[in-house]
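Colleague: Got a minute to go through this model with me? I'd like to hear what you can read off it.

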Amino acid sequence: MFVWLFLIQHRNNILYLVESFQTVIIVGETGCGKTTQIPQYLLEAGWAAEGKVIGVTQPRRVAAISVANRVAEERGALLGHEVGYTIRFDDCSDPHATRIKFLTDGMLVREMMADPLLKKYSVLMLDEAHERTLYTDIAIGLLKKIQKKRRDLRLIVASATLDAKKFHDFFNLNESGDPNKDTCGILTVEGRTFPVDVFYTVSPVPDYVKATVETVMKIHETEDDGDVLAFLTGQEEVEKVASLLQDQARSLSRYGMKKHLRILPMYSGLPYAEQMKVFERVPSSVRKVVVATNIAETSITINGIVFVIDCAFVKLRAYNPSTAIESLVVTPISKASASQRAGRAGRNRPGKCFRLYTEEDFEKLPASTVPEMQRTNLAPVILQLKALGIDNVLRFSFLSPPPAQTMVQALELLYALGGLDHYGRLTDPTGVRMAEFPLSPMFAKMLLESGNFGCSKEIVTIAAMMQIQNIFVVPTNQKKAAAREHRKFAVAEGDHLTMLNVYEAFIKHQKSSQWCQEHFLNYKGLLRAVTVREQLRRLMNKFKVPRTSSEGDPDVILKCIVSGFFANAARIHHSGSYRTLRDDRELHIHPNSVLFGEKPPKWVVFNEVVQTSKYYMRDVTAVESSWLVELAPHFYKQAKHGSLASKRSRVL
DNA sequence: CTCTCCCT
């Protein structure tokens, strides 16, 4: 049942569907107001009576906050009372007064640990479900299970057109074949964005970096006012295009062109101050050109964009279950992604989208992006599901089931860490506690062990610091000065103790932003590390892990790291690169590591591997081989000739 | 000789 309508005109229709069906799929285009309006319709219709709560999930923290703000404002309410939000580290809701609550979908999954049937909610709306983020998919699978036990719980899944049928079939519990008995309905709501004309190239583009530059200049010469947004795949490409455009802009102003160009790179790793420039208003004599990664596809919205340039590619995470290695791969985008990019040109007035590929090539693109659930390491997911009482994860109702081998990999790792027993059951207390940490299982294990090694104070800091990206800030025009400052913190043992140094120095200097600036450190990131550390510390207290310090002895800290990360070990190879102990694969030290370009240690452990041009270990620390045998005898055995080999631990 | 993005 597809009904086309505008939201406000059919308020009663929406309410009728929520009344009649356990699940309603709302196909809402951007700008139809579904996120802000539907929760208010439900509130007014009495869905939050008797202390019940209407919950609305978002994939991103900023979205949860900003949309909660808007709804509170519309209702003339103070944020945190009738309308509130809950995200990690920031709970702006009242357990008694809040009727409409916005939260991240990760937070919703966490809430299930304390309240498995989510009893306080009468309706849950999963917004942006078409993005298929990891936590949205986990929530979807769990909610289907909850719905069987709670017939009164209503679900609204807000999605783009493409996936409506898939969601409908997943949530429809009617097996009779009689559509009158469906438990799931679909409603389509038109959006209120402006039309965007799409242009294709006549022939394939050999070099999209060059073509992006040319297209920007062409727009500048031939089109009327309006800012430009160009999509590229990564930092390197963004910087390249930005610098080529900067050269062009300079020569234009030399020739006295009256209209100027302001070139602005945008990607997540860019220092905060430089990111903010993208949102600054410019005089009417200036055309803004934002060169961005896919951060501009969903995470941020820039006003005034009229022209979009789309290179057809995106960098995505991929997971290889046979090697347990994650990689970043430049991949063709999906049709859904292409239309999302084009839509960025039509938010303020009619726009144009220049696709740097042919219409035939567009037709060959996949309809939608592979869900994150199918291209990630599943150890944290499996641990969560086990903690939520899902005994047979292989038979869990996934909207898109991940590869079985990825699940087996995850089970093996969790078993090796002691979080699961050999029947695959969550162990108590280790597994139960591991699941409670908001960290990947290896970090959780390392934290739980730190009491035994007598270095919990240092380990909590290290774990917190490792959650923050780009602690070292490298401004484009001060690369050498930054490197010089960063070297002052580096230690021979590797990245973990280096980050411990940075944190301790930050505290010693009273968390000064001035001091961070002088040493090219990410001030906001370090403040976040302080908050993360506090949360971890609270959990450690809860589990009675003693507060101990190694008092300057690095070895106990390194051994403690090994106790969590023994599976990620490598030894030096005579070629100068490294080989994994697990299966003898070639690895290299990531150029961001303090060990890069230094005398290579014989044995190392690392937090993760990413594959770009090579397989790179990120966050690397030197260890002794004897520690591996001592701390993970179930994983490694000392071979006769003195080298280590791995025993594959298997879970039945 | 280099990290897409996001979350507990």
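Colleague: Which residue does K34 meet in a salt bridge?

Modeller: That would be D127: the two side chains pair up at 3.7 Å, N to O. Bear in mind that this is a predicted model.

Colleague: Where do K34 and D127 lie?

Modeller: K34 is in helix α2 (residues 34–44), while D127 is in the loop between β7 (121–126) and α5 (134–149). The pair therefore ties together parts that are 93 residues apart in sequence.

Colleague: And how many salt bridges turn up in the whole structure?

Modeller: The search gives 23. As background, side chains of opposite charge can pair when their charged atoms come close.

Colleague: OK, domains next. How is chain A divided?

Modeller: Into domain 1, residues 2–189, and domain 2, residues 196–372. Their C-alpha centres are 32 Å apart.

Colleague: How many residues are in contact on each side?

Modeller: Domain 1 puts in 8 residues and domain 2 puts in 7. Together the two domains bury about 620 Å² between them, and 57% of that is on carbon and sulfur atoms.

Colleague: Which residues of domain 1 lose the most area to domain 2?

Modeller: R60, R132 and L162, which together make up 54% of what the domain 1 side buries. By type, the domain 1 residues touching domain 2 come out as 5 charged, 2 nonpolar and 1 polar.

Colleague: How many salt bridges cross the interface of domain 1 and domain 2?

Modeller: The rule finds 0 there. What you do get between domain 1 and domain 2 is 2 residue pairs in polar contact, both residues at pLDDT 80 or more.

Colleague: Switching to the DNA. How many residues surround strand B, and which are the closest?

Modeller: There are 33 around DNA strand B, and R61, Q235, K315, T612 and R618 are the closest. Sorted by type, that surface has 13 polar, 12 nonpolar and 8 charged residues.

Colleague: What part of the strand is the protein up against, sugar or phosphate, or bases?

Modeller: Of the strand B atoms within 4 Å of the protein, 62% belong to sugar or phosphate, and the rest to bases.

Colleague: Which side chain has an N or O atom 3.0 Å from a base oxygen of strand B?

Modeller: R110 does. On the phosphate side, an N or O atom in the side chain of S613 is 3.1 Å from a phosphate oxygen of DNA strand B, and H590 has a polar side-chain atom 3.3 Å from a phosphate oxygen of that strand.

Colleague: Which elements give two or more residues to that surface near DNA strand B?

Modeller: α4 (105–114), β15 (313–320) and β22 (615–623). α4 gives the most, with 3 residues.

Colleague: Last topic, backbone oddities. Which residues does a cis peptide bond join?

Modeller: D428 and P429, with omega at about 15°. P429 is in the loop between α13 (404–416) and α14 (430–436).

Colleague: And what about the phi of L118, positive or negative?

Modeller: Positive, near 50°, and L118 is not a glycine. You'll find L118 in the loop between α4 and β7. For context, most residues other than glycine have a negative phi, and most peptide bonds are trans.

Definitions and conventions:
Residues numbered from 1 in each chain as written. Chains lettered and ligands numbered in written order. Predicted model: local features only at pLDDT ≥ 70, side-chain atom pairs only at ≥ 80, totals over all residues. Heavy atoms only, no water. Near = heavy atom within 4 Å. Polar contact = N/O pair within 3.5 Å; in protein donor to acceptor, adjacent residues only side chain to side chain. Helix = DSSP H or I, 4+ residues; strand = E, 2+ residues; numbered from the N terminus. Nonpolar A, V, L, I, M, F, W, Y, C, P; charged D, E, K, R; others polar. Domains from an automatic or database assignment. Contact = heavy atoms within 4.5 Å. Buried area = accessible area lost by both parts, 1.4 Å probe. Salt bridge = Lys/Arg side-chain N within 4 Å of Asp/Glu carboxyl O.
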